[in-house]
Amino acid sequence: MYTTLLTELDKGTLVITVNRPDKMNALNKDVIQELGKVMDEVYGNDEIKTAIITGAGEKAFVAGADISEFVSLDYSQGTALAKAGQDGVFNKIENCPKPVIAAVNGFALGGGCELAMSCHFRVASANAKFGQPEVNLGLIPGYGGTQRLTQLVGKGKAMELMMTADMIGADEAKALGLVNHVVPLEELLAKAKEILQKIHTKAPVAISKVIACVNDAANCDPAGFGNEITRFGECFTTEDMKEGTSAFLEKRKPAFKGK
Ligand code: COA
């Protein structure tokens, strides 16, 4: 079904693996198009509760956009490339009503770091490396990196990382708030799946509202507080809220339906 991605549904979690290991899983046109398509599947398929994005092999998560496709682009083609990527993939991941997390298993550079940052949060293997090295190529990040790196690590560090093109390791990325957990490579997918299994026991509609509200905050949306009030109110119209509160009072585990 996909030529550049591997997908596997495991207990409600779709594991999406970018599969161009000989090119460090670089994001060419096909990968971008297929990531958009697989996200449509995540949105639309009720069997998928959550998703993990990772890279094939042991060296790279994604080492950036495919630089070989950049050489001949002009202004309008460059603009169109960034816009298509942001609209079709990166914003779609960020705004997905189901949790999508990155399992960063190696180099996450340029578009790879941007892909990881568009996920709701990140776990990394100890060998992971992060960076936005676009200025080495006479470029800047175009898939949301200037915005999301600043949101995640703050202005000063984001400026330094993007101006120097320095790579940082997993532990520094954790200290900066770029990743939540660092584990040995062989434990990476299990760690990501374990977190998602815990999330599967919670109320899905409430989870989707958490995602929307936190995204409002991260994007400094002035409507964020008001949206929280509305979404809080909407929770009272769900079966899951009735089930969750009743289960608490009856001292039993809730059985949420996502309704
Ligand atoms: N786009 C296209 N091809 C890429 C790529 C990218 N972003 N990153 C790696 N590759 C390719 C290399 O060209 C090489 O292909 P080849 O075997 O046909 O020559 C292959 O992947 C292996 O990469 P190589 O550089 O030989 O591996 P390495 O272990 O020496 O270095 C990196 C790994 C990730 C440090 C290095 O590949 C790199 O710096 N990549 C570019 C990172 C970047 O600038 N990303 C931002 C893009 S906007």
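Let's start where helix H3 meets helix H4. From H3, the residues in contact are Glu114, Met117 and Ser118, and from H4 they are Gly145, Arg148, Leu149 and Leu152. Sorted by class, the residues of this contact are three nonpolar, two polar and two charged. Before I go on, please keep in mind that this is a predicted model.

Now the geometry. Two packed helices are described by the angle between their axes and the distance between the axes. H3 covers residues 111–118 and H4 covers residues 145–153; their axes come within 10 Å and cross at roughly 55 degrees. H3 and H4 are therefore oblique to each other. The crossing of the two is left-handed.

H3 has another helix to deal with, and that is H2. The axes of H2 and H3 are 8 Å apart, and the two helices pack at an angle of about 35 degrees. On the H2 side you will find Val89, Phe90, Ile93 and Glu94, and on the H3 side Gly111, Glu114, Leu115 and Ser118. By class, that contact of H2 with H3 has four nonpolar, two polar and two charged residues. If you compare the lists, Glu114 and Ser118 of H3 appear in the contact with H4 and also in the contact with H2.

Phe90 comes up again when we look at rings. A pair of aromatic rings is described by the distance of the centres and the angle of the planes. How many aromatic pairs are there? The count comes to two. One of them joins Phe90 and Tyr143, with 4.5 Å centre to centre and 20 degrees between the planes, and this pair is stacked. What does the pair tie together? Phe90 lies in H2, residues 75–94, while Tyr143 is in the loop between strand S8 and H4, so the pair links parts that are 53 residues apart in sequence.

Next, the sheets. Strands of a sheet pair through backbone hydrogen bonds, either parallel or antiparallel. One open sheet has four strands in the order S4-S6-S8-S9, and its pairing is mixed. Which strands are at the edges? They are S4, residues 60–62, and S9, residues 168–169, each pairing on one side only. S8 and S9 are antiparallel, with two bridges, and Lys129 has Gly169 in S9 as its bridge partner. H3 returns here: this helix lies across S4, S6 and S8, and runs at about 75 degrees to S4.

The other sheet I want to show is open too, with six strands in the order S1-S2-S3-S5-S7-S10 and mixed pairing. Its edge strands are S1 and S10, the latter at residues 181–183. From one strand to the next, the twist averages 20 degrees. Helix H1, residues 29–44, packs on this sheet and touches S1, S2, S3 and S5; the direction of H1 makes about 180 degrees with that of S2.

At the S1 edge, look at the pairing in detail. S1 spans residues 5–10 and S2 spans residues 13–18, and the two pair in the antiparallel sense over six bridges. Leu5 has Val18 in S2 as its bridge partner, and Leu9 stands opposite Leu14 in S2. The hairpin of S1 and S2 has two residues between the strands, and in that hairpin Lys11 takes a positive phi near 50 degrees.

Last, a pair of helices further along the chain. H8 is residues 204–218 and H9 is residues 224–235; their axes come within 9 Å and cross at roughly 170 degrees. Are they roughly parallel or roughly antiparallel? Anything over 145 degrees counts as roughly antiparallel, and H8 and H9 are therefore roughly antiparallel to each other. H8 brings Lys209, Ala212, Cys213 and Asp216 to the contact, and H9 brings Gly224, Asn227, Glu228, Arg231, Glu234 and Cys235. That contact of H8 with H9 divides into three nonpolar, two polar and five charged residues.

Conventions: Residues numbered from 1 in each chain as written. Predicted model: local features only at pLDDT ≥ 70, side-chain atom pairs only at ≥ 80, totals over all residues. Heavy atoms only, no water. Pairing = 2+ DSSP bridges. Axes fitted to C-alpha atoms, helices over the stretch in contact; angles between N-to-C directions. Parallel < 35°, antiparallel > 145°, perpendicular 65-115°, else oblique. Left-handed = near helix turned anticlockwise from the far one by under 90°. Contact = heavy atoms within 4.5 Å. Nonpolar A, V, L, I, M, F, W, Y, C, P; charged D, E, K, R; others polar. Phe/Tyr/Trp six-rings, centres within 6.5 Å; stacked < 30°, edge-to-face > 60°.
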